[in-house]
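This report describes selected features of one protein chain for a reader beginning the study of structure. Please keep the sequence and the model in view while reading.

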Amino acid sequence: MGNSFQVQDRFADGAQYIGGRLRAGTSGRSHEVVNPATGDTVYTYELAGTADVDAAVTAAREAFPGWSGATPAERSEAMHRFAAVLAEQADDFAYAESLQCGKPVKLSTEFDVPGTVDNTSFFAGAARHLEGKSAAEYDGDHTSYVRREAIGVIGSIAPWNYPLQMAAWKVLPAIAAGNTIVLKPAEITPLTSLMFAQAATEAGIPDGVINIVTGAGKDAGEHLVGHPDVVMTSFTGSTAVGKRVAEIATSTVKRLHLELGGKAPFVVFDDADLEAAVNGAVAGSLINTGQDCTAATRAYVQRPLYDAFVQGVAALMETVRLGDPFDPKTDLGPLISHAQRDRVAGFVERARAYATVVTGGEAPGGALADGAYYRPTLVAGAAQESEIVQAEIFGPVLVVLPFDTDDEGIALANDTPYGLAASAWTRDLYRANRATREIKAGCVWINDHIPIISEMPHGGYKASGFGKDMSSYSFEEYTQVKHVMYDNTAVARKDWHRTIFGDR
């Protein structure tokens, strides 16, 4: 894939998209977007300040009456056009996503971009199916029904690991339900979020419905969450930052949706297909260089399969090809930054004191030395309470531990503060059903790990947050449920009035 556009030229007017056009930020501070595969700067821009957030919220507030007042069919048609524009520009989106994130181009072209197009198509259809409870006379004298209404201006914050998909997950249910939105992408990966908003404008979605402010979390992010005209906040990111977002949002009595950290267990029972589990563990732990909150991070393997699993995973990890993200043969790209690479390496180095690094555990040299690369890493022999088992690493690191009984395996799987995703590997229907019931996670896969679909919800238990992205369930976050009740008696003096004045 060649350089399909020059980033600095494409976004020469700035990295803020407000009211349907690009503009420069007003914070007085510049920021560089860096290609993590090379360390080269690909774009320099001015960060958003609080004035830019105010302008974006104003644009969203002004666009709200028209967009929320459009018919579901009108919103649906606009969003179908949006999906078509995204599909037409798929190569540009894949290029920009790989450039700013270091994703292998095969991941961008086969996962990130088509997933976003599909998500847009799904919500284009779902926009016409905002349903409430059927009308009925529940007390005999009144007819009741439920309306679902748009709630207003949404202020959302998206992370850097899947910039395009996370922009879509925030924007699409919000606007399908008739809301308008101000999205703050991570300042290190703004390119595809800006392109996403531009594509919406090209598709005919009105100016101000989707706005992008690219700034630092302490400035633009906190101001957006606390803004008095923002009625709901959706945040995806770390649990630590999610706590701060919650503090600000609850102080202004906002709705709140949090999709936070994860430490997904990968539970292999002794009747599992060993080859399938080994392949699934390597794919599930290394997707997006492990920078995925649902990635497999803790493999619990029942003792009869443990040694063979460790050997199989180590051998397969050693075949994974690190390299230029734009080479179609590259399997694993760099981490998002050198700082993140060093953070991941720190976990592994500290673990050497109490565990065994079976394979990996180092940054490659040679042609890849300038990038933020780290080899696929398997760690064994760590205790359940150790840092590398309990903490979210967010890198290409899998920890494997043995277990003996089914009870122990499920208990270990649940033994972290997180509960976003998990998988269980077994040929036994009863074991599978038990795992889906008892593992406390928002998604439990059986004999696979990672696939997501637009029709099904994504969200977690415990410290992984609450609320749902994707699917029709996400409308619960972005709509207000209103009970409407009509009197059917035409009687002026109701029987219940006697409880307030007079007699029967």
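## Aromatic pairs and a helix face

Tyr162 is a buried residue, because its relative accessible area is 5% and buried means under 20%. The model discussed here is a predicted one.

Tyr162 does not stand alone, for the structure holds twelve aromatic pairs. One of them joins Phe111 and Tyr162 in a tilted arrangement, with 6.1 Å from centre to centre and 50° between the planes. This pair links distant parts of the chain. Phe111 belongs to helix α5 (residues 105-126), whereas Tyr162 lies in the loop between β6 (153-157) and α6 (163-176), and the two residues are 51 residues apart.

A further pair consists of Phe122 and Phe123, whose ring centres are 5.0 Å apart. Their planes stand at 80°, so this pair is edge-to-face. Phe122 has a relative accessibility of 18% and therefore counts as buried. Phe123 is likewise buried, with a relative accessible area of 0%.

The geometry of these two pairs is set out below.

| Pair | Centre to centre | Angle between planes | Arrangement |
|---|---|---|---|
| Phe111 and Tyr162 | 6.1 Å | 50° | tilted |
| Phe122 and Phe123 | 5.0 Å | 80° | edge-to-face |

Elsewhere, Phe11, Tyr43 and Tyr45 are joined into a cluster by ring pairs. An aromatic ring may also have a charged residue over its face: Arg350 is placed in this way over Phe347, 5.0 Å from the ring centre.

Attention now turns to a histidine. His80 is part of helix α3 (residues 72-88). Is His80 buried or exposed? Neither word applies, because its relative accessibility of 42% makes His80 partly exposed. Leaving aside residues up to four places away in sequence, His80 touches Ser121, Ala124 and Gly125. Between His80 and Val57 there are 25 Å in space, C-alpha to C-alpha, and the two are 23 residues apart in sequence.

The last element is helix α14, which spans residues 406-413. Its residues Gly409, Ile410, Leu412 and Ala413 are buried. Why do the buried residues of α14 line one face of the helix? Seen down the axis, they fall within an arc of 160°, and they therefore line one face. Against which elements do these buried residues pack? Their partners are the strands β11 (264-268), β12 (296-302) and β15 (397-403), together with helix α15 (429-438).

Note on methods
Residues are numbered from 1 along each chain as its sequence is written. This is a predicted model: local features need pLDDT of at least 70, side-chain atom pairs count only at pLDDT 80 or more; totals for chains, interfaces and linings use all residues. Side-chain values use heavy atoms; hydrogens and water are left out. Buried means under 20% relative accessible area, exposed over 50%, partly exposed in between (1.4 Å probe, protein chains only). Helices (H or I, at least four residues) and strands (E, at least two) are DSSP runs, numbered from the N terminus. The arc is that of the directions from the helix axis to the C-beta atoms. Contact means heavy atoms within 4.5 Å. Rings of Phe, Tyr and Trp (its six-membered ring) pair if their centres lie within 6.5 Å; planes under 30 degrees apart count as stacked, over 60 as edge-to-face and the rest as tilted. A charge sits over a ring if NZ of Lys or CZ of Arg is within 6 Å of the ring centre and within 35 degrees of the ring normal.
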